[in-house]
Amino acid sequence: MQKITIRKNFIYSTLYQALLMITPLLTAPYISRVLGARTIGIYSYTNSLATYFTMVAALGVLSYGNREISRYRDNKETISRLFWEIEALVIITTTATLFLWFIIIIFYQQYRIYLLLLSMQIVGVIFDISWFFGGLELYGYIVKKNAVCKIAGIILLFVLVKDADDLWLYILITVGSAVIGNISMWLYLPKLIDKIGYKSLKIKRHFKQTIIYFIPTIATSIYTVLDKTLIGIITQNEYENGYYEQATKIINMAKMLTFTALNTVMGSRISYLFAQNKFEQIHSKIEKSLDYILLVGLGISFGIIGITNRFVPWFFGDGYDNVIYLLYLLSPIIVIIGISNCAGSLYYTPAGLRAKSTIFIIIGTCSNLLLNILLIPKYGSYGAVISSLFAETIITVLYVHFSKGYFSFFMIIKMSWKRLISGMTMLIVILQMGSKINSSIILTGFQVVTGSVVYLFFLIVLKDKFMVTILMELRKKLGIALKKK
């Protein structure tokens, strides 16, 4: 097997996350105009329904399978057996889930065509073996084929989707390209595993563990997916769901840039280190990861607040003004989720404490559900945002408090205070820019570049530890290069 390096995997993962982030940046301005807020709201609502069944089909395999493969990745026979046992379990759960899904569709006449098309999303669970390659830290295998399918999907959206009546095409292309990307990963599989007799497979032994990993997944969905479902059911207003969908789309892009790529790669490595009992290395990698997440997350949060007022009108077009105020409220959630995701991905899951973290998620989930029921009837999508902020804060506080020293509030404050000063300075600068120039893509570009320069400059002036370390490494490399000349 090829040599595994965190740096190489981080580059692969970052490039793929960048592609996932660029996709809505390219397509959202076009899709928001041709489909409109109401049609996007319909998609948001129906997709939220399909997402529940997708999660049930997958159980907790993405996290559990990744962890198990990473623990035994040095033994080809063991990982081959693990792969076929876990994959067989996924086939069984997906088949059962599809049966229930089609029963619901029979009795659900509204939006039936869209729900039928979203069935592909559930079927795609069978072919999604990214957990296997992630466990082996072979992120290049995940990225290459998926990237090709994603780019093809983008092209098809621009060519085929022309108006609100083409929502079915939008769903077909979006879901279909993802499923084809999943199927493409199977082309690499024969090189990595051996054939195992199906009679020797022990599937039941994985069911309990996948349930343990599944519970926090479904609990988390209460405030990531159920928000959209409740907005649709309670308000009966597709526009409200459309605004919420677009706002969360921007936040999700920011989350990808802040922590998704890093935690995906680092989580597999730390699972391996826990299996080797290398606790000193684990502490070091967690601290560096949190430091990076706070650096990027705080910068992006302040940046979103600064550019939103001028960004939303030209990006989404007319009729999306409510998205501006939703983004103002949602911006802190990037940092809040960044911390909890780091703790969950780099400590609780690799350490085998998923059951413990589930309790914290359930507490946050119950709080979110209660607040949603109380606030959405009066405040619509704003109520859903406030509920999510409250729930995520509770979960993050619990994660940090019970992390046995791997995370601490003092550590977070120590890493953050200089970035808060730099972020607020950046915010003032880009707000001043926005007050003097009309909304345009050029203005947003200037705000992003200028804001980034101001943020990094003040971090250097304040001698932020992370930035100082980077500058020292650059100086060292530059000195070596000059000596060679």
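**Figure 1. Overall fold of the predicted model, with contacts that mostly link distant parts of the sequence.** In this predicted model, 84% of the contacts between residues at least 6 apart in sequence join residues at least 24 apart. The protein contains 19 helices and 0 strands. Its radius of gyration is 23 Å, which agrees with the value near 23 Å for a compact globule of 485 residues. Along the principal axes, the C-alpha atoms occupy a box of roughly 70 × 65 × 45 Å. Of the 485 residues, 55% are buried.

**Figure 2. Surface and charge of the protein.** The exposed area is about 22500 Å², and 68% of this area comes from carbon and sulfur atoms. The protein carries 46 positive and 23 negative side chains. The centres of these two sets are 10 Å apart.

**Figure 3. Surroundings of Ser 130 in helix H6.** Helix H6 spans residues 130–135, and Ser 130 is part of it. The relative accessible area of Ser 130 is 16%; the cut-off for a buried residue is under 20%, so Ser 130 is buried. The side chains of Ser 130 and Asp 128 form a polar contact of 2.8 Å. Setting aside residues up to four places away in sequence, Ser 130 touches Leu 62, Ile 142 and Met 185.

**Figure 4. Tyr 111, a loop residue with positive phi.** Tyr 111 sits in the loop between helix H3 (76–107) and helix H4 (112–117). Most residues other than glycine have a negative phi. Tyr 111 is not a glycine, yet its phi is positive, at about 65 degrees. With a relative accessibility of 15%, Tyr 111 counts as buried.

**Figure 5. Lys 404, a loop residue with positive phi.** The loop that holds Lys 404 runs between helix H16 (381–401) and helix H17 (409–436). Lys 404 is not a glycine, and its phi is positive, at about 55 degrees. The relative accessibility of Lys 404 is 63%; exposed means over 50%, so Lys 404 counts as exposed.

**Figure 6. Leu 192 in the loop between helices H8 and H9.** Helix H8 (167–184) and helix H9 (204–224) flank the loop in which Leu 192 lies. Leu 192 counts as buried, at 8% relative accessibility. Lys 76 is 116 residues away from Leu 192 in sequence, but the two C-alpha atoms are 7.6 Å apart in space. Apart from neighbours within four places in sequence, Leu 192 is in contact with Lys 76, Ile 79, Phe 132, Phe 133, Leu 136, Leu 138 and Tyr 141.

**Figure 7. Asp 194 and its polar contact with Lys 76.** Asp 194 is found in the loop between H8 and H9. Its relative accessibility is 36%, and Asp 194 therefore counts as partly exposed. The side chains of Asp 194 and Lys 76 are joined by a polar contact of 3.5 Å. Excluding neighbours within four places in sequence, the residues in contact with Asp 194 are Lys 76, Ser 80 and Trp 84. The C-alpha atoms of Asp 194 and Ser 80 are 5.7 Å apart in space, with the two positions 114 residues apart in sequence numbering.

**Figure 8. Ile 305 in helix H12 and its contacts.** Helix H12 covers residues 279–316 and includes Ile 305. Ile 305 counts as partly exposed, at 26% relative accessibility. Beyond its neighbours within four places in sequence, Ile 305 is in contact with Tyr 328, Ser 331, Leu 427 and Leu 431. Leu 431 is 126 residues from Ile 305 along the chain, and their C-alpha atoms are separated by 8.8 Å.

**Figure 9. Lys 418 in helix H17 and the backbone oxygen of Leu 462.** Lys 418 lies in helix H17. At 18% relative accessibility, this lysine falls under the 20% cut-off, so Lys 418 counts as buried. The side chain of Lys 418 reaches the backbone oxygen of Leu 462 at 3.0 Å. Without counting neighbours within four places in sequence, Lys 418 is in contact with Leu 459, Leu 462, Lys 463 and Asp 464. Lys 465 is 47 residues away from Lys 418 in sequence and 9.7 Å away in space, C-alpha to C-alpha.

Key:
Residues are numbered from 1 along each chain as its sequence is written. This is a predicted model: local features need pLDDT of at least 70, side-chain atom pairs count only at pLDDT 80 or more; totals for chains, interfaces and linings use all residues. Side-chain values use heavy atoms; hydrogens and water are left out. Helices (H or I, at least four residues) and strands (E, at least two) are DSSP runs, numbered from the N terminus. The radius of gyration is taken over C-alpha atoms; the globule rule is 2.2 Å times the number of residues to the power 0.38. Buried means under 20% relative accessible area, exposed over 50%, partly exposed in between (1.4 Å probe, protein chains only). Contact means heavy atoms within 4.5 Å. Accessible areas come from the Shrake-Rupley method with a 1.4 Å probe; for residues, only the protein chains shown count as cover. Lys and Arg count as positive and Asp and Glu as negative; His and the chain ends are not counted. The place of a charge is taken as NZ of Lys, CZ of Arg, CG of Asp or CD of Glu. A polar contact is a pair of N or O atoms within 3.5 Å; within protein, one must be able to donate a hydrogen and the other to accept it, and residues adjacent in sequence count only if both atoms are side-chain atoms.
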